[in-house]
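Okay, thanks everyone, I'll keep this short. Let me put the structure up and then talk you through a couple of parts of it.

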Amino acid sequence: CLAGALPARRAWSLEQAIEFGLRVAPAGLEYCEEPVRSPEDLSEFFRATRVPVALDETLDEHLRAGHSNGPMLPELPDGLAALVVKPSLVGGLEATELLAEAARAAGVRVVLSSAFESSVGLAAIGCLAVELDQLQSSKLA
């Protein structure tokens, strides 16, 4: 099993992504982050390869487009393993916590990332990651 994730960043057409996914599927990749150019193809990628996916840019775009009154999830594709959340892009630490709660309710893991934070911002994201992991662990117990 390959412990880790691949940040593909919408690099491939559906056909290219499926070809790649079929090659790496035996490795047990945790997820591939937005492997296809079109978010509408994520479910098809998963069904063809069984490689889980994560949303990053799609989540950012959804929130920037004003599809929420506070954090709200976009349509979740089949095989969604994680949401990659950048607190500075979703509205701060409080908004991140609300988004993480919505993700947890949908059975989706949250992975915190950064966009352009200073060392102070990165430290805050680190503390929030620990808090979110503890919340997730306590709900599973």
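I'll start with a helix and its neighbour, then move on to the sheet. One thing up front: this is a predicted model.

So, helix 1, which covers residues 14-24. Which of its residues are buried? Those would be Leu14, Ala17, Ile18, Gly21 and Val24. If you look down the axis of helix 1, these buried residues sit within an arc of 135 degrees, so they line one face of the helix. The spacing makes sense if you remember that an α-helix has 3.6 residues a turn, so residues three or four places apart point the same way. Flip to the other side of helix 1 and you find Glu15 and Arg23 exposed.

What covers that buried set? Part of the cover is helix 2, residues 42-49. The two axes, helix 1 and helix 2, are 9 Å apart and pack at an angle of about 35 degrees, and the crossing is right-handed. On the helix 1 side, the contact uses Leu14, Ala17, Ile18, Gly21 and Leu22, and helix 2 brings Glu44, Phe45, Ala48 and Thr49. Sorted by type, that's six nonpolar residues, two polar and one charged.

Now the sheet. We have five strands in an open sheet, ordered 1-2-3-4-5, and the pairing is parallel. At the edges are strand 1 (5-7) and strand 5 (109-112), each pairing on one side only. On average, neighbouring strands are turned by 30 degrees against each other, ignoring direction.

Zooming in on one pair, strand 1 and strand 2 (residues 31-33) run parallel over three bridges. As one example, Ala5 has Tyr31 of strand 2 as its bridge partner.

Methods:
Residues are numbered from 1 along each chain as its sequence is written. This is a predicted model: local features need pLDDT of at least 70, side-chain atom pairs count only at pLDDT 80 or more; totals for chains, interfaces and linings use all residues. Side-chain values use heavy atoms; hydrogens and water are left out. Buried means under 20% relative accessible area, exposed over 50%, partly exposed in between (1.4 Å probe, protein chains only). Helices (H or I, at least four residues) and strands (E, at least two) are DSSP runs, numbered from the N terminus. The arc is that of the directions from the helix axis to the C-beta atoms. Contact means heavy atoms within 4.5 Å. Axes are lines fitted to C-alpha atoms, for helices over the stretch in contact, and angles run from 0 to 180 degrees between N-to-C directions. A crossing is left-handed if the near helix is turned anticlockwise from the far one by less than a right angle, and right-handed if clockwise. Ala, Val, Leu, Ile, Met, Phe, Trp, Tyr, Cys and Pro count as nonpolar, Asp, Glu, Lys and Arg as charged, and the others, Gly among them, as polar. Two strands pair if DSSP finds at least two bridges between them.
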